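User: Please pick one part of this structure and look at it closely. Take me through it in short steps, and then show me how it sits in the rest of the chain.

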Amino acid sequence: MLVSLVGLPGGGKSTVGRQLARRIGATFLDSDAVIEERIGMPIRSFFEQFGEASFRDKEAAVIDELTREADRGRTVLATGGGALLRPINRQLLRDRSTVVYLRSSPEELFRRLKHDTQRPLLQVKDPLAKLKELYEQRHPLYEETAHYSVDTGRPSVATLVNMIIMQLEVAGLLERSPDTRWDKPSSAGH
């Protein structure tokens, strides 16, 4: 079983993905981390040197590879915020995995990211306007691709993980284990 998390930058895909993988006994993969390892530099540097189109080519190859290899067991994949811009990525993720959209408002993301210096698309004069633009462009793609959506709003990471697990159990994709507790505390906090 492969669960792929999609959503805007700062929506919690990596943080929630790590906790979800831990809770369901899965391997955690982050497509951006895999890309950085392969290109030997931070994504921001790659963007600056080679441009977004070249980065999206690398990203598409990695998503194809990671979704193909995912049949080796339970896996949770956190994708980059722009991964769904390419139709092939949307198709591969939808066909080869259960896609969960971590839906966040631009305003909520701005609160989380206003001091972030690592996300290349947000290194602009007005990051909130950029987040609104990204939301308008990408939200329909996330909705089209996702099997399930979870509003991130203000819930803790543990609550978001519980919400995803419940959806997977209701869908019959995950058996409810006897030790599953919806109020299970998490050391991750918010």
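Analyst: A residue is called buried when its relative accessible area is under 20%, and exposed when that value is over 50%. Anything in between is partly exposed. Keep these cut-offs in mind. The model is a predicted one.

Start with the whole chain. Eight helices and five strands make up its secondary structure. Read from the N terminus, the order is β-α-β-α-α-α-β-α-β-α-α-β-α. The chain has 190 residues, and 46% of them are buried. Now take the contacts between residues with a separation of 6 or more: 73% of these join residues 24 or more positions apart.

The part to look at closely is helix 3, together with its partner, helix 4. Helix 3 spans residues 43-50, and helix 4 spans residues 52-69. How are two packed helices described? The angle between their axes and the distance between the axes do the job. Here the angle is about 130°, and the axes are 7 Å apart. Helix 3 is therefore oblique to helix 4. The reason is in the cut-offs: about 130° is not over 145, as roughly antiparallel would need, and it lies outside the 65 to 115 of roughly perpendicular.

Which residues make this contact? From helix 3 come Ile43, Phe46, Phe47 and Phe50. From helix 4 come Glu52, Ser54, Phe55, Arg56 and Lys58. Sort the residues of this contact by type, and you get five nonpolar, one polar and three charged.

Stay with helix 3 and look at its rings. The structure has three aromatic pairs. One of them is formed by Phe46 and Phe50, whose ring centres are 4.7 Å apart. Their planes meet at 40°, so this pair is tilted. The angle decides the name, because stacked needs under 30 degrees and edge-to-face needs over 60. Both residues belong to helix 3 and sit four residues apart, which is about one turn of the helix.

Are the two rings buried or exposed? Phe46 has a relative accessible area of 5%. That is under 20%, so Phe46 is buried. Phe50 has 47% and is partly exposed. The reason is that 47% lies between the two cut-offs.

Set another aromatic pair beside this one. Tyr101 and Tyr142 are also tilted, with 4.9 Å from centre to centre and 40° between the planes. Tyr101 is in strand 4 (residues 98-103), while Tyr142 is in helix 7 (residues 127-145). The pair therefore ties together parts that are 41 residues apart in sequence. Tyr101 and Tyr142 are both buried.

Back to helix 3 and its surroundings. Helix 2 (residues 31-39) has Ser31, Val34, Ile35 and Ile39 as its buried residues. They cover an arc of only 120° around the axis, so they lie on the same side of helix 2. What do they pack against? Helix 3 and helix 4 are on the list, along with strand 2 (27-30) and strand 3 (75-78).

Helix 4 has further links. Ala61 is in helix 4. At 45% relative accessibility, Ala61 is partly exposed. Its C-alpha atom is 9.4 Å from that of Ile35, a residue 26 places away along the chain. Helix 4 also meets helix 5 (residues 87-96), where Asn89, Arg90, Leu92 and Leu93 are buried. These buried residues pack against helix 4, strand 1 (2-6), strand 3, strand 4 and helix 7.

Next, follow the chain past strand 3. Gly81 lies in the loop between strand 3 and helix 5. Gly81 is buried, at a relative accessible area of 13%. Beyond its neighbours within four places in sequence, Gly81 touches Gly7, Leu8, Pro9, Lys13, Arg138 and Tyr142. Tyr142 is the helix 7 member of the tyrosine pair. Gly81 and Val6 are 75 residues apart in sequence, yet their C-alpha atoms are 6.7 Å apart.

End with a residue from the segment after helix 8 (157-170): Leu174. Leu174 is buried, with 6% relative accessibility. Its C-alpha atom is 8.8 Å from that of Met1, and 173 residues separate the two along the chain. Residues up to four places away aside, Leu174 contacts Met1, Ile24, Arg74, Ile165, Leu168 and Glu169.

Conventions: Residues numbered from 1 in each chain as written. Predicted model: local features only at pLDDT ≥ 70, side-chain atom pairs only at ≥ 80, totals over all residues. Heavy atoms only, no water. Axes fitted to C-alpha atoms, helices over the stretch in contact; angles between N-to-C directions. Helix = DSSP H or I, 4+ residues; strand = E, 2+ residues; numbered from the N terminus. Parallel < 35°, antiparallel > 145°, perpendicular 65-115°, else oblique. Contact = heavy atoms within 4.5 Å. Nonpolar A, V, L, I, M, F, W, Y, C, P; charged D, E, K, R; others polar. Phe/Tyr/Trp six-rings, centres within 6.5 Å; stacked < 30°, edge-to-face > 60°. Buried < 20%, exposed > 50% of the residue type's maximum accessible area, 1.4 Å probe, protein only. Arc of directions from axis to C-beta.
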